[in-house]
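Visitor: I have a model open and want to read how its parts meet. Can you walk me through?

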Amino acid sequence: MPAGSMEELVSLCKRRGFIFQGSEIYGGLQGFYDYGPLGVELKNNIKAAWWRSNVYERDDMEGLDASIIMHRMVLRHSGHEATFSDPMIDNKKNNKRYRLDHLLKDQKPDVQKKVAELMGEDADNFAALVAALNTRPTQASAAFKEAGVRDPFSGEVGEWTEPKPFNMMFKTTIGPVADEESYGYLRPETAQGIFTNFKNVVDSTSRRLPFGIAQIGKAFRNEITPRNFIFRVRELEQMEIEFFCAPGTDEEWHEHWLEKRLKWWEDQGVPRGKIEILDVPREDLAHYSKRTYDLMYDYPTLGHEEIEGIANRSDYDLGSHTKAQGELGLVAKVEENSDSIAKLTIPHPETNKPVVPFVIEPSAGVDRAMLAVLSEAFTKETLDNGNERIVLKLKPHLAPIKVAVIPLARNKEEITSVAKRIKAELQGLGLGRVLYEDSGNIGKAYRRHDEVGTPFCVTVDFDTVGKGEDTALVDTVTVRDRDTLAQERVKISDLGAWIQNKLR
C-alpha cells in the first residue's frame with residue numbers, strides 16, 4: 001500500500017531528478033519549480049493521458065493553445081481585475097506577509113475559536129469567519145492581536161496589520177514604452193484564451209452545440225504565500241476544458257463531467273476513495289460560478305485539498321465579453337433592437353436562434369495532478385530478506401521510463417552491442433522512453449528503477465550471447481517486473497510484442 005510523508009516524497013523527487021527548486025544555485029525562488037529529466041517525462045505523460053482522453057477519444061472536442069500574455073481588457077471584462085484577489089495581512093514585527101485564511105488555518109483550534117468569538121462568528125463556519133475578517137479589517141486586526149495569533153515563521157505572537165485585498169495577477173509592459181496604455185497581464189487561468197477564441201473555433205470547425213474546447217498551458221498567480229511543494233505555486237500549468245451547451249442543459253452536463261473526471265483520475269492511479277466531492281457553498285463560489293464541484297484529494301501530510309474544480313460558469317464569460325464587444329462598438333448586433341451580439345453567439349440546437357451558450361469547466365492543475373500521482377505511487381515494502389525497498393508503482397502509461405535495458409557486463413562488447421540493439425528496437429515501437437542502463441551493478445540498477453517507477457528491466461547476460469552454460473537461453477533476455485519482482489525469460493524476437501502487451 002502507498003505510504004510515506006510529503007518530506008519523503010520531496011526527497012525522492014530531488015534525489016531521482018523529478019523536481020528541483022527554481023533558481024536553486026542562487027538560493028531558490030519561492031513558488032517556482034523546475035522539472036528534471038524524469039519529472040518532465042512524467043509531466044508530459046500526464047498531459048498526454050488527459051489530452052488523449054478528452055480530445056482524441058471524444059467526438060465533441062477541439063484543442064487550442066492560446067497566448068500567455070493577454071490584453072488587459074480581456075481580464076477587465078472577465079472580472080479578474082476587480083475580483084482575482086486574496087486577503088493578505090502583515091506582521092509588523094518581522095515584515096512577513098501572509099494570506100489571511102492560510103494564517104488562520106495554521107493556528108491552534110483554541111486561537112481560531114477565540115478569533116471567531118471576537119468577530120461574533122461561528123468557528124465551525126470557516127468561510128463565513130474569513131469573509132467577516134475581510135469586510136471588517138479594523139476589527140480583524142484587533143481580534144488577531146487579542147487572540148494571540150502566532151507568526152508561522154517565528155512562532156511568536158504577531159503585531160498584525162489590517163487585512164487588505166491583493167490582486168494576484170502578474171502585470172507586464174508590452175512594447176518599448178512603459179506607460180499606463182502599454183501594459184498587459186500574464187494570464188491567471190487558461191480559460192479566457194478559450195472564450196476569446198470561441199468564435200474563431202466555431203467558424204473554423206463548424207461546430208454546433210454541445211461541444212468543448214480543451215487547452216493545456218501555463219498560468220501565473222502571484223500567490224502571497226506559496227507553499228506545500230508544488231501544490232501551491234506562482235507558475236502553474238492547467239488542463240482545462242470549456243464545454244459549451246445550450247442553456248437548460250447545463251446541469252445535466254455538469255453531472256456528466258463530474259463522473260468523467262472521477263473516472264479519469266482512477267485511470268491514473270488516484271482512486272475515488274481518496275477523493276471527496278465538495279459541493280462548494282454558494283457564499284464561497286467564484287464570481288462566475290453558478291455551481292462548482294471541487295474534487296478534494298487526500299494528500300499525504302496536507303490532508304484533503306483541491307485537485308480539480310468542475311464549475312458551471314453559466315453564460316457569464318461569453319456574456320460578459322459579448323456585452324463588452326457591443327459597448328466598445330467592435331461588432332454589430334444580430335438584429336435591430338436586440339441585446340444579442342453576433343460575435344460570441346452560436347445557433348441554438350433546437351430553435352437555431354443565436355444564443356450565448358452555458359459553459360461547464362473541468363479544470364485541473366498539472367502540478368497538483370503530478371503530486372497526487374506520485375503520492376499514490378510512492379510505496380515502501382519490506383522484502384522477504386528483511387530489506388526495505390522504495391518503489392513508485394506508477395501506472396505504466398505514466399512511467400517516465402517504460403523499459404530499462406541493462407547489459408550484465410558493461411565492458412563486454414558482445415553483450416553491450418546486443419543491449420544497444422534491443423534498446424533501439426524497443427524505442428522504435430513508440431512505447432515512450434526506453435533507457436540503456438550501463439551502471440554496471442545489476443542490483444543497484446534494479447533498485448534505482450524501482451524508485452523511479454520503471455515497469456520493466458530487461459537484462460542481457462552471457463546466456464543471451466551464447467557465452468553461458470545454458471545453450472537453450474541463447475537469444476533470450478531476462479525481464480523483471482517492477483511490482484511483483486518476478487523474472488521471466490523472453491525471446492528477443494518476441495520481446496517487443498511482449499512489452500507492448502504488458503504495457504497495455
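Guide: We take the domains, then their contact, then the cysteines. This is a predicted model: local features need pLDDT of at least 70, side-chain atom pairs count only at pLDDT 80 or more, and totals for chains, interfaces and linings use all residues. Residues are numbered from 1 along each chain as its sequence is written, and side-chain values use heavy atoms, with hydrogens and water left out.

Visitor: Which domains is the protein divided into?

Guide: Domain bounds come from an automatic or database domain assignment. Here they give domain 1 (37-79 + 174-374), domain 2 (85-166) and domain 3 (401-503). The C-alpha centres of domain 1 and domain 3 lie 43 Å apart.

Visitor: How many residues does the contact take from domain 1 and from domain 3?

Guide: Contact means heavy atoms within 4.5 Å. Four residues come from domain 1 and four from domain 3.

Visitor: What area do domain 1 and domain 3 bury between them?

Guide: Buried area is the accessible area (1.4 Å probe) that two parts lose on being put together, summed over both. For this pair it is about 290 Å², with 59% on carbon and sulfur atoms. On the domain 1 side, Leu38, Glu41 and Asn45 lose the most, together 92% of what that side buries.

Visitor: How many salt bridges are there between domain 1 and domain 3?

Guide: A salt bridge puts a side-chain nitrogen of Lys or Arg within 4 Å of a carboxyl oxygen of Asp or Glu. The count here is zero.

Visitor: Why does cysteine 457 have no bond to cysteine 13?

Guide: A disulfide needs two cysteine sulfur atoms within 2.5 Å. The closest cysteine sulfur to that of cysteine 457 is in cysteine 13, 19 Å away, so it is too far for a bond. The disulfide count is zero.
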